[in-house]
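Work through these short exercises with the model open beside you. Each task is followed by a stepwise solution.

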Amino acid sequence: NFSALTMKNIDKLKSDIKSWISIFVGCIILAAGFVFFVNPYNFVPGGVYGASIVLHNLFPSIQVGTFGYMFDIPLLITGMLIFGRQFGGRTLLASCIIPGVMNLISALAYPTKEALQALDPAQLLGGAINLSDHLMLACLFGGCMLGLGLGLVVRGDATTGGTDIVAMILKKFTKLNIGKALFCSDFVIVLVSFAVFGIETGIFSMLGLLSKALVVDNIIDSIYLSKCVTIVTDNPAPICD
């Protein structure tokens with residue numbers, strides 16, 4: 001019994017370590033996706049950081065990640081008050097990591113404070129990945145990286161906070177399910193991009209939102225993926241053996 005209990009604890013520890021690694025890696029990929037392929041081109045793929053991109057353009061002296069903290073902290077407090085213990089510590093961690101990593105990568109990727117404030121893609125990593133003339137590629141790369149990062153965070157039994165919390169609150173007090181509630185909150189933010197950045201950027205933002213959703217769905221579906229084989233036979237004994 002002691003041996004079985006020890007093995008159970010070891011298995012749980014391994015599972016926890018895998019979850020934490022998945023969360024950390026997902027947060028880094030998500031933050032990098034924003035810095036390299038989303039923020040410089042004013043794409044707004046929904047969520048708290050989409051709203052943060054809009055606000056950064058209105059107040060360029062404040063980084064996108066800092067606006068993320070401004071949104072996340074009140075939402076996290078609200079989530080803890082409403083859901084109590086149901087609101088996991090992993091979500092708290094992910095919500096705190098992403099804006100900080102985003103600010104750190106941004107500070108390292110831009111050579112000057114002025115370039116950082118302007119989020120100038122021509123100066124991002126010395127212009128090495130400037131996709132200003134290939135916005136479709138930037139949009140698809142960004143959407144896929146956001147979807148991959150978010151999917152890994154979800155695989156680690158966490159969420160990124162932000163509009164995920166809004167969706168949870170809407171689900172609790174309305175008849176909307178999580179998926180519909182999240183899409184509604186993200187869609188409203190994307191619509192704002194049409195008014196602030198124009199039709200072309202708004203369309204790219206919508207495409208980014210859709211590509212992000214497709215990648216997230218595939219990664220989440222793979223968590224529960226299994227295969228079933230049905231064998232019809234008059235001689236089951238050899239097959240069972």
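For the charge count below, Lys and Arg are positive, Asp and Glu are negative, and His and the chain ends are left out. The model is predicted.

**Exercise 1. Charges**

Task: State how far apart the mean positions of the positive and negative charges of the chain are.

Solution:
- Step 1. Count the charges: the chain has 14 positive and 14 negative ones.
- Step 2. Take the mean position of each set; the two lie 12 Å apart.

**Exercise 2. Overall fold**

Task: Describe the secondary structure, extent and surface of the chain.

Solution:
- Step 1. Count the elements: there are 10 helices and zero strands.
- Step 2. Write the order along the sequence: α-α-α-α-α-α-α-α-α-α.
- Step 3. Read the extent of the C-alpha trace: about 75 × 40 × 40 Å along the principal axes.
- Step 4. Look at burial: of the 241 residues, 41% are buried.
- Step 5. Turn to the surface: the accessible area is about 13400 Å², and carbon and sulfur atoms account for 67% of it.
- Step 6. Check the contacts: among those between residues at least 6 apart in sequence, 69% link residues at least 24 apart.

**Exercise 3. A surface patch**

Task: Which residues form a nonpolar patch with about 350 Å² of accessible area together? Then classify Ile17 as buried, partly exposed or exposed.

Solution:
- Step 1. Name the members: Leu13, Ile17, Ile21 and Val25.
- Step 2. Place Ile17: this residue sits in helix α1, residues 2-38.
- Step 3. Apply the cut-offs: buried is under 20% relative accessible area and exposed is over 50%.
- Step 4. Ile17 has 43%, so Ile17 is partly exposed.

**Exercise 4. Ser95**

Task: Is Ser95 buried or exposed, and what is Ser95 in contact with beyond its sequence neighbours?

Solution:
- Step 1. Locate Ser95 in helix α4, which covers residues 89-109.
- Step 2. Its relative accessible area is 1%, so Ser95 is buried.
- Step 3. Set aside neighbours within four places in sequence; the contacts are Tyr49, Tyr69, Asp72, Leu76, Thr160 and Gly161.

**Exercise 5. Cys139**

Task: Give the surroundings of Cys139 and its C-alpha distance to Val64.

Solution:
- Step 1. Find Cys139 in helix α6, residues 135-155.
- Step 2. Its relative accessible area is 2%, so Cys139 is buried.
- Step 3. Leave out neighbours within four places; Cys139 then contacts Phe43, Phe204, Leu207, Gly208 and Ser211.
- Step 4. Compare with Val64: the two residues are 75 apart in sequence, and their C-alpha atoms are 18 Å apart in space.

Terms used
Residues numbered from 1 in each chain as written. Predicted model: local features only at pLDDT ≥ 70, side-chain atom pairs only at ≥ 80, totals over all residues. Heavy atoms only, no water. Patch = residues over 30% accessible without salt bridge, like charges linked within 9 Å, V, L, I, M, F, W, Y side chains within 5 Å. Areas by Shrake-Rupley, 256 points an atom, 1.4 Å probe, with all protein chains shown as cover. Salt bridge = Lys/Arg side-chain N within 4 Å of Asp/Glu carboxyl O. Helix = DSSP H or I, 4+ residues; strand = E, 2+ residues; numbered from the N terminus. Buried < 20%, exposed > 50% of the residue type's maximum accessible area, 1.4 Å probe, protein only. Contact = heavy atoms within 4.5 Å. Charge placed at Lys NZ, Arg CZ, Asp CG, Glu CD.
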